[in-house]
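Open the model in a viewer with the sequence panel beside it. The stops below give a selection to make and then say what is found there.

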Amino acid sequence: MPDKNTALVQGTLDMLILKTVALESMHAHGIGLRIEQISQGVFQVNPGSLFPALKRLERAGWVDSEWRATEKGRRGKYYILTASGRKQLKSETRDWKTQLVAITRILEA
């Protein structure tokens with residue numbers, strides 16, 4: 001695991017949330033943990049960033065939410081990717097890959 005975590009590149013949090021919810025519907029805390037887990041601790045999403053992002057994604061129609069029982073028997077708001085969200089994720093992923101290639105070219109010049 002890396003020695004330090006890294007701030008997310010501006011504009012990538014929404015894409016990472018969409019991808020995480022595409023894998024499995026889950027509650028906000030689970031989304032944050034999954035992003036940290038998959039990034040092997042490089043990215044840690046604080047609730048002050050996560051909750052506004054989830055509200056933004058809901059307003060955009062890219063995720064829906066529903067109240068369910070959590071693994072611990074409490075009620076939790078679970079987020080589900082919509083068809084529109086799937087299209088958005090595909091678009092953002094394509095754009096990110098294009099940018100990554102261009103940045104790599106610049107850094108390797």
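The tour goes from the whole chain to one helix and its partners, and then to a loop residue and a strand residue.

**Whole chain**

Start with everything shown as a cartoon, and keep in mind that this is a predicted model. The chain has four helices and three strands, and from the N terminus on the order of elements is α-β-α-α-β-β-α. Show the C-alpha trace: along its principal axes it spans about 55 × 35 × 20 Å. Colour by accessibility next; of the 109 residues, 30% count as buried. For a contact map, take the contacts with a separation of 6 or more: 51% of them are between residues 24 or more positions apart.

**Helix H1**

Select residues 13–23, which form helix H1. Which residues of H1 are buried? They are Leu 13, Asp 14, Met 15, Ile 17, Leu 18, Thr 20 and Val 21. Extend the selection to what these buried residues pack against: strand S1 (26–27), H2, helix H3 (47–60), strand S2 (63–69), S3 and H4. Two of these partners, H2 and H4, get a stop each.

**H1 against H2**

Add residues 28–38, helix H2. The axes of H1 and H2 come within 10 Å, with a crossing angle of roughly 100°. H1 is therefore roughly perpendicular to H2. Show side chains at the contact: on the H1 side they belong to Leu 16, Ile 17, Thr 20, Val 21 and Leu 23, and on the H2 side to Ile 31, Arg 34, Ile 35 and Ile 38. Sorted by class, this contact has seven nonpolar residues, one polar and one charged.

**H1 against H4**

Hide H2 and bring in residues 83–108, helix H4. Here too the axes come within 10 Å, and they cross at roughly 125°. Because of that angle, H1 is oblique to H4. The crossing in which H1 passes H4 is left-handed. From H1, select Asp 14, Met 15, Leu 18, Lys 19 and Ala 22; from H4, select Gly 85, Arg 86, Gln 88, Leu 89, Glu 92, Thr 93 and Trp 96. These residues make the contact, and by class they divide into five nonpolar, three polar and four charged.

**Thr 82**

Move to Thr 82, in the loop between strand S3 (75–81) and H4. Is this residue buried or exposed? Thr 82 has a relative accessible area of 13%, so it counts as buried. Draw a distance from its side chain to the backbone oxygen of Gly 61; the viewer should give 2.6 Å. Beyond its neighbours within four places in sequence, Thr 82 is in contact with Gly 61, Trp 62, Val 63 and Asp 64.

**Asp 64**

The last stop is one of those contacts of Thr 82, Asp 64, which is found in strand S2. Its relative accessibility is 46%, so Asp 64 counts as partly exposed. Select its contacts, again leaving aside neighbours within four places in sequence: Glu 58, Tyr 78, Tyr 79, Ile 80 and Thr 82. Finally, draw a C-alpha to C-alpha distance from Asp 64 to Ser 91. The two are 27 residues apart in sequence and 19 Å apart in space.

Terms used: Residues are numbered from 1 along each chain as its sequence is written. This is a predicted model: local features need pLDDT of at least 70, side-chain atom pairs count only at pLDDT 80 or more; totals for chains, interfaces and linings use all residues. Side-chain values use heavy atoms; hydrogens and water are left out. Axes are lines fitted to C-alpha atoms, for helices over the stretch in contact, and angles run from 0 to 180 degrees between N-to-C directions. Helices (H or I, at least four residues) and strands (E, at least two) are DSSP runs, numbered from the N terminus. Angles under 35 degrees count as roughly parallel, over 145 as roughly antiparallel, 65 to 115 as roughly perpendicular and the rest as oblique. A crossing is left-handed if the near helix is turned anticlockwise from the far one by less than a right angle, and right-handed if clockwise. Contact means heavy atoms within 4.5 Å. Ala, Val, Leu, Ile, Met, Phe, Trp, Tyr, Cys and Pro count as nonpolar, Asp, Glu, Lys and Arg as charged, and the others, Gly among them, as polar. Buried means under 20% relative accessible area, exposed over 50%, partly exposed in between (1.4 Å probe, protein chains only). A polar contact is a pair of N or O atoms within 3.5 Å; within protein, one must be able to donate a hydrogen and the other to accept it, and residues adjacent in sequence count only if both atoms are side-chain atoms.
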